[in-house]
Amino acid sequence: MSAKQLTEYLGELRSSGGAYQSKGLSLDSSGLNFTPEAVQRPCEAVKVKLAHYWVDVEKTRDATAVTPARYEYGYTLIDATSYKAGPQDGRVPDTAPPGGNGCQGTVSVVYLGEDIPVGSLPYDLELTGTTAPVPVEVNEDGVLSAIYISPVDVESC
């Protein structure tokens, strides 16, 4: 299968968990999770790449009575590693995203094919008061799943 065909196949896999439109291959706070329905499960392990990026946040304008604070983002690659997922169900070990700290959050992306250019990473991230992972869109061929973890202390950035 080509990278494009494999991306389409894995993107259409549904989870055996039963949640409406849940994906069989996804990222969450514990890392890469591969739980496809038994009828669609691949016959052999699938090799995917997982990249983690630091999201450096800098406040460029304080909030006023009429305008919100403005922030700029910069990305730094932490690591990009290949993993085999499946054919058995379960979590892929050692794939948990690093937690954010201070003015750094993280973006984690599971993909196939070529490495993700930094310019394809999202620049419309919402800074939240929680470090719970939020799904984000990464507009690049081969992307299967991506999550964002906000920095811990956005106000001090």
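**Exercise 1. Find the volume of the largest pocket and describe its lining.**

Solution. Start with the space itself: the largest pocket holds about 520 Å³. A pocket here is an open set of points on a 1 Å grid over the protein atoms alone, where a 1.4 Å probe fits, with protein on both sides within 12 Å along at least five of seven lines. The volume is the space filled by probe spheres set on the points, with grid points joined across faces, edges and corners.

Before going on, a word on the model: it is predicted, with pLDDT of at least 70 needed for local features and 80 or more for side-chain atom pairs, while totals for chains, interfaces and linings use all residues. Residues are numbered from 1 along each chain as its sequence is written, and side-chain values use heavy atoms, leaving out hydrogens and water.

Next, the lining (residues with an atom within 4 Å of a point). It has 26 residues, and T7, G142, V143, L144 and S145 are the closest to the pocket centre. Two or more lining residues come from each of α1 (3-12), β1 (25-28) and β8 (143-149); these are DSSP runs, helices being H or I of at least four residues and strands E of at least two, numbered from the N terminus.

Finally, sort the lining by class: 11 nonpolar, 7 polar and 8 charged.

**Exercise 2. Trace the sheet that contains β8, and place α1 on it.**

Solution. Read the strand order first: β4-β3-β6-β8-β7, an open antiparallel sheet of 5 strands. Strands pair if DSSP finds at least two bridges between them. At the edges, pairing on one side only, are β4 (70-85) and β7 (134-135).

Then zoom in on β7 and β8, which pair over 2 bridges; P135 has I147 in β8 as its bridge partner.

Now add the helix: α1 lies across β3 (46-61) and β8, at about 60 degrees to β8.

**Exercise 3. Which salt bridge joins β1 and β5, and how does it sit in their sheet?**

Solution. D28 in β1 and R91 in β5 (residues 90-91) are 63 residues apart, and their side chains meet at 2.9 Å, N to O. That satisfies the salt-bridge rule (a side-chain nitrogen of Lys or Arg within 4 Å of a carboxyl oxygen of Asp or Glu), which gives a count of 3.

Then look at the sheet: β1-β2-β5 is open and antiparallel, with β1 and β5 as its edge strands. R91 also appears here, as the bridge partner of N33.

Note on methods
Nonpolar A, V, L, I, M, F, W, Y, C, P; charged D, E, K, R; others polar. Contact = heavy atoms within 4.5 Å. Axes fitted to C-alpha atoms, helices over the stretch in contact; angles between N-to-C directions.
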